[in-house]
Amino acid sequence: MKILAITFLFILSACSSENNMDNPVPQAPGAKNYLSYFTGNKVDKITAPKGGICLMGGASENDGAMKWFLERADGGDILILRTSGTDGYNNYLYNSLSVTVNSVETIVFKNAAANSDKYIVEKINNAEAIWFAGGDQWEYISYWRNTPVSEAINNAVTKKKVVIGGTSAGMAIQGGFYFSAQNGTITSQEALLNPFDTKITVSKDPFLYNEVLKDVITDTHYDNPDRKGRHVTFLARIINDYKIQAKGIACEEYTAVCIDEKGIARVFGSYPSKEDTAYFIMPNTEIADNKPEVCKPNNPLEWNQNQAAINVYEIKGTSTGSNTFNLNNWSEGNGVIWKKWFVENGKLKE
C-alpha cells in the first residue's frame with residue numbers, strides 16, 4: 001500500500017509540474033513585489049558623494065558620462081531602479097569602466113506595491129548613486145510619485161548629495177516639469193498641429209526634485225525620432241498653462257549631459273566622428289511677454305515672435321565632455337552654436 005501511495009503521489013506531482021509549466025501558480029501572498037540583482041560587497045560603504053545629475057539620450061550608454069557618474073559616488077554603492085528589464089547594468093558598472101565602486105544593485109519594481117517596501121527604501125538611503133533605466137516613464141511616475149520611494153530619493157539628493165542619473169524615460173522624469181506619457185507618447189507633428197492633443201500630458205506635480213532643473217522639462221531620443229517640435233510644444237503649453245517661462249534640455253540618442261554641483265553642464269558624445277548634440281532651449285528673454293501667438297485646441301501652434309521666439313544653444317558632445325554650458329545663467333558656454341527657433345502655422349523652423 002505504501003508503494004502504491006508513493007507512486008500515486010509521484011504521478012500527481014509530475015502532472016502538477018507539467019501543468020505549472022503552462023499555467024504558473026499565482027504569486028503567493030507575501031511574495032516580493034520586486035526583483036533584486038546584486039554585484040559586489042554586501043557590506044554597505046559610507047563615502048562622500050559629490051552630487052550631480054547625468055542625463056542620457058536613450059541609446060547605448062556613453063562610457064565617458066557613466067565614468068563621470070560613478071566617480072561622483074566616491075567608491076560607494078550604486079543603485080539601479082527600473083520597472084522592466086533585468087541586471088544589464090550590474091557587470092557594466094561594476095567591472096567594465098575601470099572605476100572602483102563598492103557594489104551595484106538593480107531593483108526591478110514588479111508593481112506599485114513596492115513603493116513603500118522597507119528593503120527598497122533602505123537601499124535608497126544607503127546609496128551614493130541612483131540611476132533610472134529606460135522604460136515607461138508613466139510607470140515610474142504612477143508607481144513612485146508621493147510615496148516613500150520618491151521621498152527617499154529626494155532626501156538622498158538634497159541631504160546626502162548622491163549623484164543621480166538616467167537614460168530615456170529615466171532622463172525624462174528628472175525635470176521640475178515633465179512629460180508623463182500617461183496617455184502614451186506623441187510625435188512632433190501631432191503636437192505642433194494640436195498643442196492640446198490629449199496625449200500631451202505635461203505635469204508640474206512634485207515628483208523628483210533637482211534644484212537646477214526646477215523650471216526645466218527634458219526630452220530624449222532627439223534625433224530618432226525627431227522630437228524638437230513636441231519639446232517646443234511642451235514649453236508653449238507650460239507658458240500657456242502655468243505662466244512660467246520654462247526651459248528645456250534635450251539629448252540626442254548617443255549624447256549625455258552631466259551637471260555638477262555648481263550647475264555646470266558637460267556634454268559627452270562622439271563628436272567629431274559623430275554629430276552627437278545636446279540642446280539647451282529657452283524662450284527669448286529679449287522679447288517682452290514672450291508667449292505663443294496661437295496656442296489653443298485643434299489649432300496649429302504659432303510661436304513666431306518675428307522669427308525669434310526661442311533661443312537654442314546647441315553643444316556637441318565629446319569623449320571627454322570638454323564642451324560646457326552654465327545653467328546658472330543659461331548664457332555662457334564653450335563649444336556653443338547659437339540658434340533661433342520659431343513655429344509658424346504648426347511647423348518648427350530653425
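**Exercise 1. The β17–β18 turn**

How many residues lie between β17 and β18 in their hairpin, and which residue in the turn has a positive phi?

Solution. The model is a predicted one.
Step 1. Locate the strands: β17 covers residues 336-344, and β18 covers residues 347-349.
Step 2. Check the pairing. β17 and β18 are antiparallel and share three bridges, with E344 standing opposite K347.
Step 3. Read the turn. Two residues separate the strands of this hairpin, and N345 in the turn has a positive phi of about 50 degrees.

**Exercise 2. The other partner of β17 and the aromatic cluster**

Find the strand that six bridges join to β17, and then place Y313 and W338 among the aromatic rings.

Solution.
Step 1. The strand is β14 (residues 310-316), which runs antiparallel to β17.
Step 2. Within this pairing, Y313 stands opposite W338 in β17.
Step 3. Y313 and W338 also belong to a cluster linked by ring pairs, together with F280, F325 and W330. The whole structure has 17 aromatic pairs.
Step 4. W330 has a charge over its ring: the charged end of K247 sits there, 5.7 Å from the ring centre. Another such case is K42, whose charged end sits over the ring of F38, 4.4 Å from its centre.

**Exercise 3. G335**

Describe where G335 lies, and decide whether G335 is buried, partly exposed or exposed.

Solution.
Step 1. G335 is in the loop between β16 and β17.
Step 2. The relative accessible area of G335 is 39%. Buried requires under 20% and exposed over 50%, so G335 is partly exposed.
Step 3. With neighbours within four places in sequence set aside, G335 contacts E314, I315, K316 and N323.
Step 4. For a long-range distance, take K45, which is 290 residues from G335 along the chain; their C-alpha atoms are 38 Å apart.

**Exercise 4. The open sheet and its edges**

Work out the strand order of the sheet that contains β1, and explain why β1 and β16 each have a side without a neighbour.

Solution.
Step 1. The sheet is open and has 10 strands, in the order β1-β4-β3-β5-β6-β2-β11-β12-β15-β16, with mixed pairing.
Step 2. β1 (34-40) and β16 (333-334) stand at the edges; each has a single partner strand, so one side of each has no neighbour in the sheet.
Step 3. For β1, the partner is β4 (residues 103-109), joined by seven bridges and running antiparallel. L35 has V108 of β4 as its bridge partner.

**Exercise 5. Helix α3 against the sheet**

Which strands does α3 lie across, and which of its residues are buried?

Solution.
Step 1. α3 (residues 88-95) lies across β1, β3 (77-82), β4, β5 (129-132) and β6 (163-167), and runs at about 165 degrees to β4.
Step 2. Y89, N90, Y92 and L93 are buried in α3.
Step 3. Packing partners of the buried α3 residues are the strands β1, β3, β4, β5 and β6, along with helix α2 (63-71).

**Exercise 6. Strand β11 and its cysteine**

Trace the pairing of β11 on each side, sort its side chains by direction, and settle whether C258 is in a disulfide or free of one.

Solution.
Step 1. β2 (residues 53-56) pairs with β11 in the antiparallel sense over four bridges, and the partner of M56 is A256.
Step 2. β12 (residues 264-268) is also antiparallel to β11, again over four bridges. In that pairing I259 stands opposite A265.
Step 3. β11 and β12 form a hairpin with four residues between the strands, and G263 in the turn has a positive phi of about 85 degrees.
Step 4. Side chains in a regular strand alternate between the two faces of the sheet. In β11 (residues 256-259), A256 and C258 point one way, V257 and I259 the other, and all are buried.
Step 5. The structure holds zero disulfides. The cysteine sulfur nearest to C258 is that of C54, 3.6 Å away, and C258 is in no disulfide; the cut-off is 2.5 Å.
Step 6. C258 counts as buried because its relative accessibility is 0%. C295, at 11%, also counts as buried.

**Exercise 7. The chain as a whole**

State how many helices and strands the chain has, and what share of its residues is buried.

Solution.
Step 1. There are nine helices and 18 strands.
Step 2. Of the 350 residues, 53% count as buried.
Step 3. Among contacts with a separation of 6 or more, 75% come from residues 24 or more positions apart.
Step 4. The C-alpha trace spans about 95 × 45 × 40 Å along its principal axes.

Terms used: Residues are numbered from 1 along each chain as its sequence is written. This is a predicted model: local features need pLDDT of at least 70, side-chain atom pairs count only at pLDDT 80 or more; totals for chains, interfaces and linings use all residues. Side-chain values use heavy atoms; hydrogens and water are left out. Two strands pair if DSSP finds at least two bridges between them. Contact means heavy atoms within 4.5 Å. Axes are lines fitted to C-alpha atoms, for helices over the stretch in contact, and angles run from 0 to 180 degrees between N-to-C directions. Buried means under 20% relative accessible area, exposed over 50%, partly exposed in between (1.4 Å probe, protein chains only). Rings of Phe, Tyr and Trp (its six-membered ring) pair if their centres lie within 6.5 Å; planes under 30 degrees apart count as stacked, over 60 as edge-to-face and the rest as tilted. A charge sits over a ring if NZ of Lys or CZ of Arg is within 6 Å of the ring centre and within 35 degrees of the ring normal.
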